[in-house]
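Here is a short walk through one protein model. Keep the structure in view and follow each stop in turn.

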Amino acid sequence: MPDVLVAGAGPTGLLTAFELERAGLDVLVLERDARPATQSKALALQPRSVEVLADRGLLAAIERHVVARLPGGHFSGIPIDYADLPTRFPYQLGVEQAHVAAAIEARLRTPVLRSAAVTAVTQDDAGVAVAAGGRVHRAGWLVAADGGHSAVRTLLGAAFPGTSARISLAVADLTLASKPAGLAETWQLPSSGSGFLLPLAGGRYRAVVVGAEQQRLDRAAPVTADELQRALIAAHGPGIEVGEVLWASRFGDAARQLERYRHGRVLFAGDAAHIHLPVGGQGLNLGLQDAVNLGWKLAAHVRGHAPDGLLDSYHDERHPIAARVLISTRAQAVLGVPDPDAEAVREIVTGLLAVPAARRAIALELSGIGLGYPHTTGRATDIPVASDGRAVLVGAPLPTGWAGRVEPRAGSQPQLIRPDGYVAWAGGPGLAAALHRWLADPPATPAGIAPQDRSTRGALAESGRGISM
């Protein structure tokens with residue numbers, strides 16, 4: 001029986017599974033679809049996500065598919081420069097989400113179980129039972145990373161409050177029979193207005209259109225080649241002709257978030273926990289940060305050495321971050337409305353973002369580089385995480401008994417770094433308190449007895465302590 005089931009084999013679910021396996025747990029990922037996705041919702045990795053993937057040895061497999069290094073981000077199409085960000089990756093990587101997912105999946109010990117849509121979830125003090133793929137799977141815990149239309153969320157009846165969509169957009173991957181010279185030759189950041197067009201691999205293009213026609217059509221109406229043709233001609237002139245529509249969908253600016261990310265033995269991450277307008281390059285990256293925050297905490301809980309409240313701190317740390325992203329994307333949606341009053345506000349905001357301090361504040365937020373949590377001093381820079389999921393202590397003697405949970409390293413700047421890469425102590429007094437806060441107390445070791453091997457898991461009954469419904 002696996003320690004943890006993960007519903008959903010998108011990047012969030014796969015990275016959560018990777019983090020749990022890195023800490024020594026057995027994990028099974030359940031995926032509804034029969035084959036890995038070839039269509040990509042997201043197309044860019046923000047700097048903090050690039051750091052996370054690089055620190056875990058995942059970036060090299062992704063980089064071969066990168067088609068652009070974008071020197072900044074955007075706020076509703078207003079360019080935001082990343083050049084002065086304090087990171088070794090001051091840019092977005094233009095890469096299709098499918099390649100990110102494939103790189104992570106290739107590193108999992110246990111293959112993803114496909115054609116396994118979740119149809120029922122029950123839980124008790126001993127664990128969870130999940131019906132998927134024609135059988136019942138049991139484990140101690142379930143991570144629901146099954147997307148914006150989460151089956152797990154629906155089955156549990158979890159409240160998902162927020163705002164309904166007010167505007168409607170269409171997105172499509174397509175081929176072009178013809179186009180004006182110079183149009184969509186390289187990756188560019190989006191600008192205001194409809195008809196955004198981006199070149200993908202294999203002669204494909206990503207088109208995003210929003211206009212009066214999209215507002216009139218029902219959200220369930222198929223996106224047709226004729227509709228896309230009209231929208232692209234309106235944006236780029238009569239020299240453009242749609243060839244084949246390979247994939248298309250409609251989406252809106254709905255913004256919703258779970259009230260709690262933990263429901264007993266079920267934890268939610270990624271789009272299953274929060275949805276918003278996909279603008280500013282936030283969705284994929286928000287889910288990846290959920291994964292690395294949750295993974296080490298759930299692993300510690302399962303292994304029986306989590307301090308009180310550690311698992312619930314996943315909600316406490318990540319819920320406010322997503323809430324802020326929802327506010328940001330709702331503001332960006334308003335700035336993109338083709339309305340004279342919205343255009344007036346956009347003009348003012350554009351001027352404000354030209355002020356260096358304002359531009360930097362937004363850059364830190366969009367990129368994820370400015371992200372921090374209570375009782376930390378920001379992320380560690382240029383110090384990779386431990387390969388086995390332990391915390392890292394740099395430049396200070398390791399107290400007795402902590403070798404099973406902390407990897408010691410030489411360095412001139414003392415730091416205790418959590419398994420997700422955030423600094424819990426940065427020298428001076430307080431190391432013992434930080435170890436206790438994040439890693440609990442080490443087990444007592446009787447004289448002459450070697451410390452317990454790290455691969456030994458805590459008992460399943462112990463992993464159930466502290467359940468909050």
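**A sheet, a loop and a helix pair**

This is a predicted model. Start with an open sheet of 4 strands, with mixed pairing and the order β22-β21-β23-β24. Its edge strands are β22 (406–409) and β24 (423–425), and each of them pairs on one side only. On average, neighbouring strands of this sheet are turned by 30 degrees against each other, direction ignored.

What holds such strands side by side? Strands of a sheet pair through backbone hydrogen bonds, either parallel or antiparallel. Take β21 (residues 391–394) and β23 (residues 415–417): they run antiparallel, joined by 3 bridges. Here valine 394 stands opposite glutamine 415 in β23.

Now look for the helix on this sheet. Helix α12 (residues 431–439) lies across β21, β22, β23 and β24. Its direction is at about 135 degrees to β24.

Next, step back along the chain to the loop between α11 (356–367) and β21, where histidine 375 is found. Aspartate 382 is found in the loop between α11 and β21 too. Most residues other than glycine have a negative phi. Histidine 375 has a positive phi of about 65 degrees, although it is not a glycine. Aspartate 382 also has a positive phi of about 65 degrees, and it is not a glycine either. Is aspartate 382 buried or exposed? Its relative accessible area is 56%, over the 50% cut-off, so aspartate 382 is exposed.

Move to another part of the model, where two helices meet. Helix α2 (residues 47–55) and helix α8 (residues 283–303) have axes that come within 9 Å and cross at roughly 40 degrees. That angle makes α2 oblique to α8. The crossing of the two helices, α2 and α8, is left-handed. Which residues in α2 and α8 meet? From α2 come Arg48, Ser49 and Val52; from α8 come Asn285, Leu288, Gln289 and Val292. By class, this contact of α2 with α8 has 3 nonpolar, 3 polar and 1 charged residues.

The last stop is alanine 44, in strand β3 (residues 44–45). Its relative accessibility is 14%, under the 20% cut-off, so alanine 44 counts as buried. What is alanine 44 in contact with, leaving aside its neighbours within four places in sequence? The contacts are Gln92, Leu93, Val95, Leu284 and Asn285. Asn285 also appears in the meeting of α2 and α8. Finally, compare positions along the chain and in space: alanine 44 and leucine 70 are 26 residues apart along the chain, and their C-alpha atoms are separated by 9.0 Å.

Terms used: Residues numbered from 1 in each chain as written. Predicted model: local features only at pLDDT ≥ 70, side-chain atom pairs only at ≥ 80, totals over all residues. Heavy atoms only, no water. Axes fitted to C-alpha atoms, helices over the stretch in contact; angles between N-to-C directions. Parallel < 35°, antiparallel > 145°, perpendicular 65-115°, else oblique. Left-handed = near helix turned anticlockwise from the far one by under 90°. Contact = heavy atoms within 4.5 Å. Nonpolar A, V, L, I, M, F, W, Y, C, P; charged D, E, K, R; others polar. Buried < 20%, exposed > 50% of the residue type's maximum accessible area, 1.4 Å probe, protein only. Pairing = 2+ DSSP bridges.
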